[in-house]
Amino acid sequence: MTSISDRYDPSQVEERWYRVWEARGYFRAEAASPKKPYAIVMPPPNVTGSLHMGHALNNTLQDVLIRMKRMDGFNTLWMPGTDHAGIATQNVIERQLAAEGRRKDDLGREAFVARVWKWKEESGGLIITQLKRLGASCDWSRERFTMDPGLSEAVREVFVRLWEEELIYRGDYIVNWCPRCQTALSDLEVEREERDAEFVYIKYGPLTLGTVRPETKLGDTALAVHPKDRRYKQYVGKTLDVPSVEGTIRLQVVADAAVDPKFGTGVIKVTPGHDPIDFEIGRRHNLPVRTVIGFDGRMTELAGKYAGLDRFECRRRIVEDLNALGLIERIEPYRHAVGVCYRCRTVVEPLVSKQWYVRTKPLAEPAVKAVRDGRMRIIPRGWRSTYFAWMENIRDWCISRQLWWGHRIPVWYCDRDGSLHVSRVDLTECPQCGGPVHQDTDVLDTWFSSGLWPLSTLGWPKETPELKTFYPTSCLVTGFDILFFWVARMAMFGLKFAGDVPFRDVYIHALVRDAEGQKMSKSKGNVIDPLVIMDKYGTDAFRFTLAALAAQGRDIRLAEERIEGYRNFANKIWNASRLVLSNLDGYDPQRARSAAPPLADRWIKSRLNSTIGHVRKALDRYRFNEAASAIYQFLWHEFCDWYLEIAKRSLDGDDDPARRTRTQVTLIEVLETTLRLLHPFMPFITEEIWQRLPHAGDSIMVAQYPTASRANADPRAEREMAPIIGVVTAVRNIRSESRVPPSVELQVTVRPAGAEAAGAFAEAAPLINALARCVVTVRSAGPRPRDSAFAAVDSHEVFVHLAGVVDLAAERLRLAREIQKAEDEIAFVETRLARREFVKRAPAEVVERERARLDEHRRRRAKLRESLRWIAESPPTT
RNA sequence: AGGCUCGUAGCUCAGUGGGAGAGCGCCUCUCUGACGCAGAGGAGGUCGGCGGUUCGAAACCGCCCGAGCCUACCA
């Protein structure tokens, strides 16, 4: 056993155990089981994706929950899978084609889609491998892809049912169009970017107005002012002949409340074809739509001499031309937020086209209600308001995309009678006239299918046992960035089609940033690759870091030093275990039963018990950081720092074999339990060590999660242990301050406060001797020893003999400092107690505590003073 | 424009009404037989500012300053 390396080497451990766990089927959930269900559906990463910090955090937290619940006896399901990511995936293949000098139209739709599938089969699973590397204990046998047959069936079912209930409609509306991706985008898929622009004031006959988009001037069909704007009242209803770049145009002036009279000149040009507000104004006033910019971002034939120009080039030319005509009044610099495509950052062009929409209001209402009445909890609670704000102002959702990759809209049009048919099954002829049909060319927004994820992955629309057992799922773990994209939509669909929320809890975690607080992004070059980190520090250390930093409601700044710190923690555990393992010979748990356990054993077990309670409570409340630091604190600073040091003595002693056995039993019991407690956070190292320790069962993964109980709490042991730790610390402190080298054995006298304490100290003397490298004498009465330093531990007095070891001047200074500290404390408490209001109004126990505190410090001060006086009187030693 | 979050030790952050905490860093000491990825000890803070509520505020309320995020149809 002593041949175990003194450095923990994750590379020797992680992959091996993961394979074992998977092969033994530990990850698998049971469709039907007497055990209570606990289910999490994984937010499906893009099939094109590779593991980044966000995924790492997200999945670590899920794995912690799942592993904990699995050990706790639940029938756990962690449902994994990937998302077909329409635009992103199509982009990947288009780039490949471009490299070959081809475009997707060269292949045609069918061949293109076939190629995407081929790519998906060959390289789409990268992130899955990476999740395994992270230790994710998903039920891989249930892995799903949003385009799988079953999931596609769910998509069709939902589309048809929504259509039948008139919650889906089709129509010509203005949409966000990405000229690069050549598709419509939902409002959510448009992001805002601050950009500098020019605010151009153009003369429109007698009026002047400002715009940042002069090129849309060619599509103007009216001018608008606010109905109450006195300045322009006279123009409302009139038609103006306005000189412009291509001669004079006729524009009527309408009054519309959408115009802000305080902005610019209070007049706007109305371009219904290229602006969402103008589109609305146009509908209200029956204005025609003039489309002057095409789907390719170039000016159309209607743009006259500007036809064919790129929209931005056209903007420059128009300004030039207007200027030449003297129609520009002035130009101001202007900074505004412009809408860009979330995938390619191209400036979005609002365009009118025929698209499919979901009427969201009727779906959103139940989803709001579910959160309000607590059927779905959002944690931390603060995100509720964000959720409500969006849901209550929700707008209809454009679900059609002009892509080839995705779920094709299940609508067929008859080529003969022009009829439209929405169908669950593919149609080959018109159900009405038997004529030839063609399917709608658009596909659905990817979020339409991922919005069904909790349903479809469990088999819906079939009534599967999985659905029955695991729906609603227990918890969803996700980042706030997809609260609307995904969470809100799952809630709407879940309530609509399964009659209940998709998950009871939604835990929203932080964003991982770099050490400077910047969002990690490829373009900034500040990404930290989780795989590199795992190679360098080990997966356990990495996972633990993420959990330890995952405080609610705050972003995580990830600095490598932190990971290094937790790598050291892993090493600490390794070495502590090495100590235990190398002292196992002669271990016989039966023999230890009878004897009463010594104080230190009772103490550490009690501490462990309270740690378990703390960890469980923290995990129940999704306080991952609290759980992690409770384990860290216990394992390092109680078990290693104190108990192991104490245990070493008992293990070494040949004189008392029973004591050795008892210590072995406690060591193993505490270490083994702690490993189980830690396993959800650090699955690999805990398994590796656990397997080497005496244990029951095949794997720590399926061992029981520790439980705290009042029976295991031993407050008396904790009370008795405290002064012992206090004395050891006091002696070490004096040693250090008096600059006595660690090698010198000190003489120490303890004068206990009472008879009970005297016995305890006498019993603990050997222990104190070992821990503080001293020889302690317990003496209840008698004079204080000559030439000694003094410390007060609670009400016990500690004298450290320094005669001949060090001169006493330093000790005088030290005592003076201690006295000062005590006096500050006394003054503080006295002031508080002197206030009548405090004594009158504060709870009795608080007042009592303050009084006790005051007494305590006064006693302490008295003893310190006595010591100082004594030292001052003694002759200086030289 | 509206909304939200944050400002605590040199750094990163816990701590939601009763004695200011952790990790890292820093200083001193230790080649003690689990671990130097370690051990022991220590220094370091008017809890952003100002007011208010309270017997009592880092915490609750208001205002201000500073940082960040989200939502939005100011063209």
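Buried means under 20% relative accessible area, exposed means over 50%, and partly exposed lies in between (1.4 Å probe, protein chains only). This is a predicted model, where local features need pLDDT of at least 70, side-chain atom pairs count only at pLDDT 80 or more, and totals for chains, interfaces and linings use all residues. Residues are numbered from 1 along each chain as its sequence is written, chains are lettered from A and ligands numbered from 1 in the order in which they are written, and side-chain values use heavy atoms, with hydrogens and water left out.

**Exercise 1. Describe the overall form of chain A.**

Step 1: Take the secondary structure. Chain A has 28 helices and 29 strands. Helices (H or I, at least four residues) and strands (E, at least two) are DSSP runs, numbered from the N terminus.

Step 2: Test the spread. The radius of gyration is 37 Å, well over the 29 Å that the globule rule gives for 878 residues, so chain A is more spread out than a compact globule. The radius is taken over C-alpha atoms, and the rule is 2.2 Å times the number of residues to the power 0.38.

Step 3: Add the box. Along the principal axes, the C-alpha atoms of chain A fill roughly 115 × 65 × 55 Å.

Step 4: Check burial. Of the 878 residues, 55% count as buried.

**Exercise 2. Classify the aromatic pair F199 and Y334, and place both residues.**

Step 1: Apply the geometry. Rings of Phe, Tyr and Trp (its six-membered ring) pair if their centres lie within 6.5 Å; planes under 30 degrees apart count as stacked, over 60 as edge-to-face and the rest as tilted. The structure holds 42 aromatic pairs. F112 and W404 are edge-to-face, at 5.6 Å centre to centre and 70 degrees between the planes. That pair links distant parts of the chain, 292 residues apart. F112 is buried because its relative accessibility is 0%. F199 and Y334 are tilted, at 4.9 Å and 35 degrees.

Step 2: Locate the residues. F199 lies in strand β7 (residues 190-204) and Y334 in strand β13 (residues 328-341), so the pair ties together parts 135 residues apart in sequence.

Step 3: Read the accessibility. F199 has 7%, so F199 counts as buried. Y334 has 26%, so Y334 is partly exposed.

**Exercise 3. What surrounds T183?**

Step 1: Place T183. T183 is in strand β6 (residues 183-185). Its relative accessibility is 0%, so T183 counts as buried.

Step 2: List the neighbours. Leaving out residues up to four places away in sequence, T183 touches I87, N176, W177, C178, R401, Q402 and L403. Contact means heavy atoms within 4.5 Å.

Step 3: Find the short distance. A polar atom of the T183 side chain lies 2.7 Å from the backbone nitrogen of Q402.

**Exercise 4. Identify backbone exceptions.**

Step 1: Set the baseline. Most residues other than glycine have a negative phi, and most peptide bonds are trans.

Step 2: Find cis bonds. The peptide bond from W460 to P461 is cis, with omega near 10 degrees. Another cis bond joins Y471 and P472, with omega about -5 degrees.

Step 3: Find positive phi. Y622 is not a glycine, yet its phi is about 60 degrees. Y622 sits in the loop between α20 (599-620) and α21 (624-652). R773, also not a glycine, has a phi of about 50 degrees. R773 has a relative accessible area of 44%, so R773 is partly exposed.

Key: A polar contact is a pair of N or O atoms within 3.5 Å; within protein, one must be able to donate a hydrogen and the other to accept it, and residues adjacent in sequence count only if both atoms are side-chain atoms.
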